[in-house]
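Dear colleague,

I am handing over the structure we spoke of, with the sequence beside it. Please open it before reading on, since the notes below refer to individual residues.

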Amino acid sequence: MDCIKTRAIVARRANYAESNCMLTLFAEGLGTVSACVYGVSGKKSRMKSAAQPLCFSEFVLVKTRGDIYRAESAEVIETFYPVSEDLKKLALANYFLDITGDVFSAEDGGPLTLLLNTLYAISYKDIDLSVAKAVFELKMMQYSGYAPSLDACVKCGKEDGISAFSVLGGAVCASCKTPAMPFLSNDVKEAMKYILKSDTKRLFSFEISKSAKEILSQICENYILSKSDKQYKSLEYYKKII
């Protein structure tokens with residue numbers, strides 16, 4: 001059988017039998033796949049680290065049937081260990097995994113790159129978790145084809161007097177806004193524009209006030225939930241413990 005070498009992050013792990021497990025991988029060039037790891041619990045297993053959730057490795061996979069692979073070997077690239085040590089970061093990372101699973105495909109590696117860079121940021125940089133969450137949500141919406149319009153009112157097209165944000169698609173002017181719409185200050189609008197135009201390596205290189213950060217967080221969360229039409233249990237858990 002042909003071997004496939006790919007870099008992938010472990011999104012989920014399910015143990016079965018005595019020492020085997022099934023991994024859900026977000027793999028470059030393959031998309032979301034399942035991979036069996038045999039004997040992973042054995043003392044001599046070389047796959048123990050690579051088979052842990054959130055571990056990013058270079059895998060050698062052999063296709064068995066359908067979308068099922070067998071993991072022959074793996075070289076660990078990054079474990080994101082600081083995330084596993086912090087309950088809030090771990091809960092947020094699980095939310096990121098859920099979102100990525102909805103968007104990631106073999107044809108578009110952007111969501112995986114975004115996931116990896118965001119996990120790196122919350123692992124090793126002094127990043128406010130609410131900002132990391134908002135950036136991830138907004139950028140993932142862009143990858144999904146739902147980048148909001150911020151330069152003109154999405155209802156009437158007017159460019160002046162932007163003062164609110166609608167989950168229908170973006171900025172709204174004072175004449176079209178409703179009481180339920182969150183206020184869209186210039187600081188928040190510029191932060192959103194920066195996120196949308198930046199590559200993943202520069203995503204977190206901006207400053208924002210505490211009040212603007214709270215509005216940004218509210219807007220991005222409401223927007224992704226509206227467009228995905230889902231309720232993420234991982235998000236509910238994260239909000240419960242922060």
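What follows concerns the salt bridges and then the largest pocket.

Please bear in mind throughout that this is a predicted model. It holds 10 salt bridges, and I describe a few of them here.

In one of these, the side chains of Arg12 and Asp98 meet with a nitrogen-to-oxygen distance of 2.3 Å. Arg12 belongs to strand β1 (residues 3-16) and Asp98 to helix α2 (residues 87-103), so this pair ties together parts that lie 86 residues apart in sequence. Both partners fall in the partly exposed class, Arg12 with a relative accessible area of 34% and Asp98 with 23%.

A salt bridge within a single helix joins the side chains of Glu137 and Lys133, at 3.1 Å from N to O. These two residues are four apart in helix α4 (residues 129-143), and about one helical turn therefore separates them. Here the partners are buried: the relative accessible area is 0% for Glu137 and 2% for Lys133, where the cut-off for calling a residue buried is under 20%. The pair also belongs to a network of salt bridges in which Lys133, Glu137, Glu221 and Lys239 are linked.

Helix α5 (residues 186-197) offers another pair, Glu190 and Lys193, which are three residues apart and separated by about one helical turn. Their side chains meet in a salt bridge with an N to O distance of 4.0 Å, and since the criterion is a nitrogen within 4 Å of a carboxyl oxygen, you may wish to keep that value in view when reading the pair. Glu190 is partly exposed at 39% relative accessible area, and Lys193 is likewise partly exposed, at 26%.

Turning to the empty space, the largest pocket contains about 190 Å³. Its lining consists of Arg7, Glu28, Phe56, Ile77, Glu78, Phe80, Thr113, Leu116, Asn117 and Tyr120. By class, five of the lining residues are nonpolar, two are polar and three are charged.

Which elements supply at least two residues each to that lining? They are strand β5 (68-78) and helix α3 (110-124), and the largest share, four residues, comes from α3.

With best regards

Key. Residues numbered from 1 in each chain as written. Predicted model: local features only at pLDDT ≥ 70, side-chain atom pairs only at ≥ 80, totals over all residues. Heavy atoms only, no water. Buried < 20%, exposed > 50% of the residue type's maximum accessible area, 1.4 Å probe, protein only. 1 Å grid on protein atoms, 1.4 Å probe; cavity = no way out; pocket = protein on both sides within 12 Å on 5 of 7 lines; lining within 4 Å. Points joined across faces, edges and corners; volume = space filled by probe spheres on them. Nonpolar A, V, L, I, M, F, W, Y, C, P; charged D, E, K, R; others polar.
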